[in-house]
Amino acid sequence: MTGPVDPGQPSMAYLDQNVLSRMREGEPGSDHLRGALNKMGAQGVMFVYSMVHVDESRASDRPEAFVEALNAISAWYIEPQAHDDHRVALSSGRAEELILADRDLLHEASRTMENLLKPMQFAMGWLDGVDATSLREELTDGVNKLWGILEVELLEGNWAQLTDGKRAMLEAISDIPLEKVRGEAEVSFDRIRARLPENYAQLDAVPADQVVEFVFGLLDDPDRDEFLKLYPRGFWTDAVRREEGNLTGFAFLLFALGIVRDRRVSSKGRARREKHYLGQFRDCQHIEAASRCAAFITFDKGAARLAKATYAYAGAATQVICLEIRET
C-alpha cells in the first residue's frame, strides 16, 4: 500500500532509532526483540520509520544491518503530507533504496542544515573554545560545499537563482552577531535557570504530563509569556501552528530547560559535545515524526519522558511505550 492515510491509526507504531539498533543481527537480544515485534505485527501493528532513521542509518558503520532489520519486520516508510491535514503517506519495501543510496542532494542538504545548528550550540556555550570568527568560517565552508554539489546536480538554467541563494545565505551567516547572541543567551538562560529547582530530582519527580506547566509556572512573567506565545498549550492540534519542525523545536526547548538531561552534551571535548547535541536534536525530530502515529516505542527513558511531556502539552494523542531488557 502506498498513499495518504489518516493520522492516529491504532495500527501505526513508530520505532525509535535505538530500537532498530538493538534489532540488528548479532546484537544481544535481537532475536527476542524481533520475535516480539513480529507478534505485534501479526496482530495488525504497522511499524514505521522516517527520514530521520534513514539519515542516522546512513551515517552508521553498518547501514546494511538497518536495512535488514527494517525488512525483518516489514516496516513502512512514513512521509508527512500537507501540514494542515496532518495526513501521512506510507510506502513499503524502500529501506534498501533509501539507506544504501549514494549520498545525494537531500542528504547533503540535511548535513548543511545540521551544520547551521552550531550557532545555537555556540550561544549555549557548548562549543569548547570556539570563537565567532572560526565558527563563521566553518559555516561558510559548509554552505560552499553544498552549493558546489547543487551546481553539479541542477540544470544550468538555475545557476542564477543558485548564486542569489548562496549570496543570501552567506550574508546571513556574516550578519549573525554571534558574540552578542551568546552573551544574551547566557543572560537569558542564567535568569531562567535561577527560577528552576536547584535539585533536578524535583523536576524528575513531577509526572511527565504535568512537568511543562510546572516549569512554565516557575518562570518570570516575561519568559513565561514568550514561551506561551510561541507554544500555547495544545498548539499541535491547531493546523495553522502544526508546521514541520515546530514540535521538534518545542521538544528541544524542554530539553534545554532541563526536563530531561544528557550529561554527554555538556561533557568536555567539542567533538563529543557536537555528536550528542545533534543526537539530542534528532531525538526531538523522532518525537515529532512519531506524533503522526498511535505509538512511539523507545528503549531510552529520557526520550520517553521528553516525548510524554511534549505530547501531553502540545496535544498529540501518541502513546509512549518505553521498553527494557531484563536479564533472565
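The paragraphs below lead through two helix pairs and two single residues in this structure, which is a predicted model.

A good place to begin is helix α15, which spans residues 270-290, since it takes part in both of the helix pairs described here. Two packed helices are described by the angle between their axes and the distance between the axes. For α15 and helix α16, which covers residues 301-314, the axes come within 10 Å and cross at roughly 50 degrees. An angle between 35 and 65 degrees is neither roughly parallel nor roughly perpendicular, and the two helices α15 and α16 are therefore oblique to each other. The crossing of this pair, α15 with α16, is right-handed. On the α15 side the contact is made by Q280, C284, I287 and A290, and these meet A303, L306, A307, T310 and Y311 on the α16 side. Sorted by class, the residues of this contact between α15 and α16 comprise seven nonpolar and two polar ones, with no charged residue.

The other pair joins α15 to helix α14, which runs over residues 246-256, and here the axes come within 8 Å and cross at roughly 130 degrees. Helices α14 and α15 are therefore also oblique to each other, and α14 passes α15 in a right-handed crossing. From α14, the residues N246, L247, T248, A251, F252 and F255 take part, while α15 contributes Y277, Q280, F281, C284, Q285, I287 and E288. In this contact of α14 with α15 there are eight nonpolar residues, four polar ones and one charged one.

From the helices we can turn to T318, which is found in the loop between α16 and strand β7, the latter covering residues 319-322. Is this residue, T318, buried or exposed? T318 has a relative accessible area of 6%, and because a value under 20% counts as buried, T318 is buried. Its side chain reaches the backbone oxygen of A290 at 3.2 Å, and A290 is also one of the α15 residues that meet α16. Leaving aside neighbours within four places in sequence, T318 is in contact with A290, S291, R292, C293, A294, A295, F296 and Y311.

A last residue to look at is N38, which lies in helix α2, residues 30-42. With a relative accessible area of 36%, N38 is partly exposed. When neighbours within four places in sequence are set aside, N38 is in contact with A72 and I73. N38 and I73 are 35 residues apart in sequence, yet their C-alpha atoms are 6.0 Å apart in space.

Notes:
Residues numbered from 1 in each chain as written. Predicted model: local features only at pLDDT ≥ 70, side-chain atom pairs only at ≥ 80, totals over all residues. Heavy atoms only, no water. Axes fitted to C-alpha atoms, helices over the stretch in contact; angles between N-to-C directions. Helix = DSSP H or I, 4+ residues; strand = E, 2+ residues; numbered from the N terminus. Parallel < 35°, antiparallel > 145°, perpendicular 65-115°, else oblique. Left-handed = near helix turned anticlockwise from the far one by under 90°. Contact = heavy atoms within 4.5 Å. Nonpolar A, V, L, I, M, F, W, Y, C, P; charged D, E, K, R; others polar. Buried < 20%, exposed > 50% of the residue type's maximum accessible area, 1.4 Å probe, protein only. Polar contact = N/O pair within 3.5 Å; in protein donor to acceptor, adjacent residues only side chain to side chain.
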